[in-house]
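Student: Could you take me through one part of this model closely, beginning with an aromatic side chain and moving on to the cross-links?

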Amino acid sequence: MTSLQTLIGTVAALAALSAAAQSANVPVTFVGTAGTGTMATCELSVKAQNKMDRKLLALVVEYQALDAASGKPLAGGLNSATVGGLAPGGNTEQPVGTAHAACERVRLQVTKTQCVTRGCQPGFAQQGLAGLQP
């Protein structure tokens with residue numbers, strides 16, 4: 001596969017991810033903030049909004065932090081974020097973990113999503129990270 005084909009595939013995957021995030025009735029944004037210790041870390045939090053007309057009972061998202069350059073998992077392994085009890089129109093933000101690298105090196109990969117509210121369609125975005133892998 002040529003570099004151009006790889007780039008075209010990546011752009012198409014990101015466009016699909018962006019479209020899904022915009023049409024979601026439960027948009028979820030992973031936010032990375034630089035840690036304050038002597039080692040490079042990225043503090044991760046998740047923001048979610050309930051755009052449905054019913055209470056969001058529970059949404060569980062499992063994700064893995066990867067090194068953006070190598071694609072290898074970063075220390076911390078598989079993590080999860082749970083959002084629940086969110087009223088229609090409600091928002092929440094909560095810390096979900098720490099990746100052991102600077103935020104500009106962290107790419108998140110969503111590995112599993114489970115929503116127990118009928119009609120729930122989550123979509124994912126990122127802020128302050130190297131990217132979000134579809």
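Student: Is Phe-30 buried or exposed, and what is its relative accessible area?

Tutor: Bearing in mind that the model is predicted, Phe-30 is buried, its relative accessible area being 0%. The ring of Phe-30 also has a partner: its centre lies 6.3 Å from that of Phe-124, within the 6.5 Å allowed for a pair. The planes of these two rings meet at 20°, and because planes under 30 degrees apart count as stacked, the pair of Phe-30 and Phe-124 is assigned to that class. In the chain the two partners are distant, since Phe-30 sits in strand E1 (residues 26-34) while Phe-124 belongs to strand E7 (residues 122-127), with their positions 94 residues apart in sequence. Phe-124 is buried as well, at a relative accessible area of 12%. The count of aromatic pairs comes to two, and Tyr-63 joins Phe-30 and Phe-124 in one aromatic cluster.

The cross-links can be followed in the same way. A disulfide is a covalent bond between the sulfur atoms of two cysteines, and a search of the whole structure turns up two of them. In one, Cys-42 is joined to Cys-103, with 2.1 Å between the sulfur atoms. Cys-42 is found in strand E2 (residues 42-49), whereas Cys-103 is in the loop that runs between strand E5 (91-99) and strand E6 (106-115), so this disulfide ties together parts that lie 61 residues apart in sequence. Its S-S torsion is about 100°, and the disulfide of Cys-42 and Cys-103 is therefore right-handed. Both Cys-42 and Cys-103 are buried.

The other disulfide is formed by Cys-115 and Cys-120, whose sulfur atoms are 2.3 Å apart. Here too the torsion about the S-S bond is about 100°, so the disulfide of Cys-115 and Cys-120 is right-handed. Its two ends fall into separate accessibility classes: Cys-115, with a relative accessible area of 23%, is partly exposed, whereas Cys-120, at 15%, counts as buried because the cut-off for that class is under 20%. When the bonded cysteines of the protein chain are numbered in sequence order, the pairing reads 1-2, 3-4.

Notes
Residues numbered from 1 in each chain as written. Predicted model: local features only at pLDDT ≥ 70, side-chain atom pairs only at ≥ 80, totals over all residues. Heavy atoms only, no water. Disulfide = S-S within 2.5 Å. Helix = DSSP H or I, 4+ residues; strand = E, 2+ residues; numbered from the N terminus. Buried < 20%, exposed > 50% of the residue type's maximum accessible area, 1.4 Å probe, protein only. Phe/Tyr/Trp six-rings, centres within 6.5 Å; stacked < 30°, edge-to-face > 60°.
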